[in-house]
Amino acid sequence: MIALPLLLLAAACTSTQPIPPQVFISDLRLLDSSVFEQRFQIDLRIGNPNDFALPLDGITFDLDVNGADFASGFSNQSVTVPRLGEAVLSVTASTTLVDLVQQMVLLAERGDLTYRVHGVAYLDSLARRRAPYESIGTFRLLREQQIKAERAPFPALD
């Protein structure tokens with residue numbers, strides 16, 4: 001008699017699936033480069049919209065810039081993202097010289113940069129082991145003329 005309610009309670013607890021984390025780029029730094037490969041350190045800000053902590057034990061990601069593949073990577077670092085909180089995870093990514101040059105050409109033409117970061121966060125000790133994620137953003141870069149105009153001194157007021 002007691003076993004049935006306990007079984008139903010256990011089934012109800014395991015059927016609650018976590019909301020996937022929100023993953024955004026918070027920083028990107030060039031590490032080292034060669035003729036064939038450029039490596040970056042990318043800081044990912046991971047947000048947890050759930051009402052419970054998310055223990056992550058790995059993450060994969062792909063970074064698309066201006067609609068084209070740019071860099072990819074993965075990490076086996078463990079981090080616990082607090083309930084309704086954030087954590088930062090540094091990962092290493094690599095790209096090719098061809099991809100980097102294509103993005104520089106597009107950047108010179110457009111002056112802005114759109115990105116999409118997507119992948120899978122691996123959850124430790126939760127019923128749902130994989131949580132796919134995706135985020136999209138835009139950086140608007142100032143052109144040289146705009147920078148010069150913004151740095152010009154203000155005219156004196158009489």
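This is a short talk on the strands, the core and one surface patch of the structure above.

A caution before the details: this is a predicted model.

I'll begin with strand β2, which covers residues 38-47. On one side, β2 pairs with strand β1, residues 22-33, in the antiparallel sense, over 10 bridges. The two form a hairpin, and 4 residues lie between them. To fix the register, take Arg29, which stands opposite Gln41 in β2. β2 also pairs with strand β6, residues 86-95; that pairing is antiparallel and again runs over 10 bridges. Here the register can be read from Arg45, which stands opposite Val88 in β6.

How enclosed is β2 by the rest of the structure? Largely, because 7 of its 10 residues are buried.

One of the residues in β2 is Phe40. Its relative accessibility is 5%, so Phe40 counts as buried, the cut-off being under 20%. That brings me to aromatic contacts. The structure holds 1 aromatic pair. Which residues form it? Phe40 and Phe70, with 5.7 Å centre to centre and 45° between the planes, which makes the pair tilted. Phe70 lies in strand β4, residues 68-75, so the pair ties together parts that are 30 residues apart in sequence. Phe70 counts as buried too, because its relative accessibility is 10%.

Next, the nonpolar core. The largest one has 27 residues. Which of them touch the most other members? They are Ile42, Leu44, Ile59, Phe61 and Leu63. As for where the core comes from, at least two residues each are supplied by β1, β2, β3 (54-65), β4, β5 (79-81), β6, β7 (112-123) and β8 (130-140). β3 gives the most, with 6 residues.

Last, the surface. Val35, Phe36, Leu97, Val101 and Val105 make a nonpolar patch of about 500 Å². Take Val101 from that group: its place is in helix α2, residues 97-110. Is Val101 buried, partly exposed or exposed? Partly exposed, because its relative accessibility is 46%, and that class lies between the cut-offs of 20% and 50%.

To recap: β2 pairs with β1 and with β6, and it is largely enclosed by the rest of the structure. Phe40 and Phe70 form a tilted pair. The largest nonpolar core takes the most from β3, and the surface carries a nonpolar patch that includes Val101.

Terms used: Residues numbered from 1 in each chain as written. Predicted model: local features only at pLDDT ≥ 70, side-chain atom pairs only at ≥ 80, totals over all residues. Heavy atoms only, no water. Patch = residues over 30% accessible without salt bridge, like charges linked within 9 Å, V, L, I, M, F, W, Y side chains within 5 Å. Areas by Shrake-Rupley, 256 points an atom, 1.4 Å probe, with all protein chains shown as cover. Salt bridge = Lys/Arg side-chain N within 4 Å of Asp/Glu carboxyl O. Buried < 20%, exposed > 50% of the residue type's maximum accessible area, 1.4 Å probe, protein only. Phe/Tyr/Trp six-rings, centres within 6.5 Å; stacked < 30°, edge-to-face > 60°. Pairing = 2+ DSSP bridges. Core = buried A, V, L, I, M, F, W, Y, C linked by side-chain atoms within 4.5 Å.
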